[in-house]
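Colleague: I'd like a close look at one part of this model, the charged side chains and how they pair up. Please set the scene with the overall fold, and finish with any backbone oddities worth a glance.

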Amino acid sequence: MPLIEMVDICKVYPPNVVALKHVDFSVEQGEIHALVGENGAGKSTLMKILSGIVKPSSGEIRVNDKKVHITNPVVATKLGIGMVHQELALVGSLKVYENIVLGSEPTRFGFLQRERSLQIVRKLMEEFGLKLEIDAITQELSIAGRQKVEILKQLYRRVNILILDEPTAALTPQESEELFDEMIKLKKQGKTIIFVSHKLDEVLKISDRITVLRKGEKIATLNNDGRLNINELAEMMVGRSVHLVSVKSSTTIGQPVLIFKDVTLVDRSSGKRLLDTINFVVREGEIVGIAGIEGNGQKELVEVLIGLRKPSSGMIEVFGKDVTNFSIRKRRSLIAYVPQDRKQVGLALKATIKENLIMTHHMNPPLRKGFMLDDTTANEFAMQLIGDFEIVCRGPFEKVQTLSGGNQQKVVTAREIALGRNLIVLDQPTRGLDVASTQYMRSQIISLKSRGKAVLLISADLDELMNLSDRIYVMRAGRIVAELDPRKIDKVVVGYHMLGVKV
């Protein structure tokens, strides 16, 4: 008898967006069950229904063969179901143990029992083999550490079914391996894990069974018996064959395009060095990758490059010009930029696809004639990009917020590449994308290199950096700590440099 059964689940969002169509999904006691599918396939919606965040339009859920109504996350927790979201929801200023017990603190006469809390959390860590500095400030932990806090938070609430949503998205290979060890320990303790991921190699490595969703429907549930391979799984997700290997094109490396010379950035309020004497170069026909655990200066490096922050010292050169004091608009004439947060930074969500595609282009001919926008040319331009970049939509006048994540990313990428700049900055270009959209983006990056463009690629995905980059710089604590040739090392070595371990 399954531990959980979701039967004939449908979800329709007004006015007529069908997210799930008659989906059956079941989980056995003590298994690691992977849930895979493209963006928009319904994975998140199905898990949000199970964890009480979203209500289904129809269908039923059974826990231990008993029909239940999961109306909110509190009800889900009482039924033993907990979800660790990709965007971790912790209070950074609190200590580890405080975050774990937050909302369900042991109290006496209305006062928090600190020693009792510490005792419970220590026992919990020992029981499940999840080791952390119990008194550490949460915001000072690595992403992997914060993830452990989230898992312990759920275990403290005695959940038996743990939903992990893209848990390895920002982890090094070593941290991912540690997480898998912890998942296996939890499984041995009788816990059931639902593992939602885009990383098919990890899915095949860790799961007992795999359920594939496509366009809101269940395609299959498969036993992971060693006979499945990544290509077969990807084809089931997408509905067609997908070539998952990126082949670097051989290109002649040209002249330096971007040079950072002793760039330092000091936080005015704390005096902390966010960037410490950064030196690197990107040349024509070259993809240079930036690796590092999130929060080690990559964000600040991009902000300094595009003009959102002014460095405290040092110089930035683009095509031999000192752009250190250039305005953002002036830099836009030299640099194309795909930001990591497409929703907040890259797009105007309530605007149309056309309006998003013509941004920046609208300031210059041929879209601009005198003081006016040439609307006919703008329409033709938008349609051209929609076709060239295979943006799946109803037309240029559709609101960009209605598109899937992959198609939103295509809009940003299409706009930036069409600018024709010879320096392109790509910040997490495939984050949150499904397998097909990821492959499309990577093929576009390789195409840029083959056309002699200089590409700066910032990514948390080490496979992506290894497959695409000609050179990789590793950042740690605001410094560049290594320059590596991906043809001569493997991603484990990159991970060691990221963690500060001597190789």
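Modeller: Here's the fold in brief, then the charged pairs, then a few backbone spots.

First, some ground rules: this is a predicted model, where local features need pLDDT of at least 70 and side-chain atom pairs count only at pLDDT 80 or more, while totals for chains, interfaces and linings use all residues. Numbering runs from 1 along each chain as its sequence is written, and side-chain values use heavy atoms, with hydrogens and water left out.

The protein has 17 helices and 24 strands (DSSP runs numbered from the N terminus, helices being H or I over at least four residues and strands E over at least two). With a radius of gyration of 24 Å, close to the 23 Å from the globule rule for 503 residues, the protein is as compact as a globular protein of that length (taken over C-alpha atoms, the rule being 2.2 Å times the number of residues to the power 0.38). Its C-alpha trace spans about 70 × 50 × 50 Å along the principal axes. Of the 503 residues, 54% are buried (buried is under 20% relative accessible area, exposed is over 50%, partly exposed is in between, with a 1.4 Å probe and protein chains only). Look at contacts (heavy atoms within 4.5 Å) between residues at least 6 apart in sequence, and 67% of them join residues at least 24 apart.

Now the charges. There are 70 positive and 60 negative side chains, and the centres of the two sets sit 4 Å apart (Lys and Arg are positive, Asp and Glu negative, His and chain ends not counted; each charge is placed at NZ of Lys, CZ of Arg, CG of Asp or CD of Glu). The count of salt bridges comes to 31, each being a side-chain nitrogen of Lys or Arg within 4 Å of a carboxyl oxygen of Asp or Glu.

Three pairs give you a feel for the settings. Arg415 and Glu416 form a salt bridge at 2.9 Å, N to O. Arg415 is buried at 6% relative accessible area, and Glu416 is buried too, at 2%. Asp225 and Arg227 pair up with their closest N and O atoms 2.7 Å apart; here Asp225 is partly exposed at 43%, while Arg227 is exposed at 68%.

The third pair is Asp463 with Lys491, at 3.0 Å from N to O. This one ties together distant parts of the chain, with Asp463 in helix α16 (residues 462-468) and Lys491 in helix α17 (residues 491-499), 28 residues apart. Both ends are partly exposed: Asp463 at 30%, Lys491 at 27%. Elsewhere, Glu5, Glu60, Arg62 and Lys67 are joined into one network by salt bridges that share partners.

Last, the backbone. The loop between α12 (353-358) and β19 (368-369) holds Pro366, and the peptide bond into it from Pro365 is cis, with omega near 5°. Thr360 lies in the loop between α12 and β19 as well; its phi is positive, near 75°, in a residue other than glycine, and Thr360 is buried at 13%. Phe319, in the loop between β16 (313-318) and β17 (321-322), is another non-glycine residue with positive phi, near 55°. Phe319 is partly exposed, at 34%.
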